[in-house]
Amino acid sequence: MLKQHFYIFGLTWSTILFLVPLPLILTLGAGLPASHASDALAIQLGSIAYVWFLVAIYLSTRPKWLDRLIGLPNVYLIHGILSMFAIGLAFLHKTNLGSHGLIRLTGDWAFDIFLGLLIYSLLFMAGWLTARIRPLAMLKQVLEHIFHHELSVWLHRLNIIAVILVFIHVQLIGYITNIYAYMLLFDLYSAATAIAYCVKKIHDYRFLPAGKLISKRELKDNFFEFKIQIPNLNFRKIQAGDYIFIRIPHQSGLRELHPFSVVNQVTDNNVITLAIRSDGDFTKKIQAINIGELIQVDGGYGRFNTLISENSGDRLVLITGGTGIVPMLAIIDAHPERDMTLFYAVHASNDQLYVSQLNHWANTRPNLTVHIQTGRFTPADELKTIRANRSTFLISGPYALGKNWVHVIKQQHVAANKYYYEEFNW
């Protein structure tokens, strides 16, 4: 496996953009009748768009193997950008080809659904975008009172309807269905995506590990700590620094999976600790659940442990702000043998979490240095006290914080496999 995260990220993009559609491009090009040669480019663009939509649907299943390679935030980033690329190709396909009857209707309906969902998803599902554009984030907060989490997830699934319409659209085109090699691949790609999607959804709703809420306490206003015990959990799948997705099947508005970082190092007692602030409709409703409530868990996800393992001789530099401290607590707890430095910034002193625990660790572990500050750190100054070339940087927290630290770390010529900012923004 390539150790350089960005190499793997680039390889993933190249595979999706070029290698995955290539077999269909070749078979379609070889079998297309001469009478349609002038439309060949537009036809190929439509075929590529369909393949990219299928890949986007597969990525929506949160493949764990890909999460450990590039991180789920990057998987969602690819999902969103790929969908935009596919809609662009679909537009060129639609405007450069003439059709009629049901062929045209299925194509038009599919395109309209894709376009509408793209606009909606850019606001409500694409945290990587709203985190960067403040007016969109403010608009999202206003509209979330109407388009709550569960509704957003269900609306996003209309992509499946659009893909089915495209599938029917192609099956109605006689000169395409006569290209047997192409149609064989077309059907195989469609079937493989459908199977992967259905298996994942059945697993999420029927076979996720389930446990009960055994403890609930208020850390401060609108911020609760929850302890969930899951008897049949394979605790080794949740590594220090990971996050999980949870759903509460018997509570309206909480039946769709939602991600939260894990506070503790999960051991064979199978207790998962979460710290949840009331930010949106899901997090507000979950604060009202009672002890004994049934909770299902999917996870873990995250790349922090991968970097920790790959750079075993390095000092760990943990950089965080606000609620981003949560995964860092598990990392500190799980690795008492490692030299560590923590930079924890908050807007105000009453925003601090688990400070007594952090101070206890700092006082009892000589290899741990803790810096807690109200207001931002100055990365360039702080890095002067650290041997950057012998350190691994793990960053969690607001986008502005992560962007600032990553910029300075790059200026220090730190290798790409020695730093990772986990954008937890969906």
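## A cavity and its lining

Helix α18, which spans residues 399-411, gives the most to the lining of the largest cavity, contributing four residues. Keep in mind as you read that this is a predicted model. The full lining of that cavity is made up of Ala345, Arg376, Phe377, Ala400, Leu401, Asn404 and Trp405. Sorted by character, the lining residues divide into five nonpolar, one polar and one charged.

How much space lies in the largest cavity? The volume comes to about 60 Å³. With a threshold of 30 Å³ or more, the count is one cavity.

## The parallel sheet

Now to the strands. Five of them form an open sheet, and following the order across it you meet β9, β8, β7, β10 and β11, with parallel pairing. At the edges are β9 (368-374) and β11 (419-422), each of which pairs on one side only. From one strand to the next, the twist averages 10°.

As background, strands of a sheet pair through backbone hydrogen bonds, and the pairing can be parallel or antiparallel.

## Strand β8 and its neighbours

Strand β8 (residues 340-346) is a good place to look at the pairing in detail. Six bridges join β8 to β7 (residues 315-321), and the two run parallel. Here Gly321 stands opposite Ala345 of β8. You have met Ala345 already, as one of the residues lining the largest cavity.

Which strand holds the bridge partner of Thr341? The partner is Thr369, in β9. Seven bridges join β8 to β9, and these strands also run parallel.

## Helices beside the sheet

Helix α16 (residues 355-364) belongs to a right-handed β-α-β unit together with β8 and β9. Another helix, α15 (residues 325-334), lies across β7, β8, β9 and β10 (391-396). The direction of α15 is at about 155° to β7.

## A pocket among helices

Elsewhere in the chain, the second largest pocket holds about 700 Å³ of space. Of the 32 residues that line this pocket, His93, Leu97, Ile103, His169 and Ile173 are the closest to its centre. The elements giving two or more residues to the lining are α3 (40-59), α5 (72-95), α6 (101-124), α10 (158-171), α11 (174-177) and α12 (180-207).

Which element provides the largest share of this lining? That is α6, with seven residues. By character, the lining of the second largest pocket divides into 18 nonpolar, 10 polar and four charged residues.

Terms used
Residues are numbered from 1 along each chain as its sequence is written. This is a predicted model: local features need pLDDT of at least 70, side-chain atom pairs count only at pLDDT 80 or more; totals for chains, interfaces and linings use all residues. Side-chain values use heavy atoms; hydrogens and water are left out. Two strands pair if DSSP finds at least two bridges between them. Axes are lines fitted to C-alpha atoms, for helices over the stretch in contact, and angles run from 0 to 180 degrees between N-to-C directions. Contact means heavy atoms within 4.5 Å. On a 1 Å grid over the protein atoms alone, a cavity is a set of points where a 1.4 Å probe fits but cannot get out, and a pocket is an open set with protein on both sides within 12 Å along at least five of seven lines; lining residues have an atom within 4 Å of a point. Grid points are joined across faces, edges and corners, and a volume is the space filled by probe spheres set on the points. Ala, Val, Leu, Ile, Met, Phe, Trp, Tyr, Cys and Pro count as nonpolar, Asp, Glu, Lys and Arg as charged, and the others, Gly among them, as polar. A crossover is right-handed if, with the strands pointing away from the viewer, the path from the first strand over the helix to the second runs clockwise.
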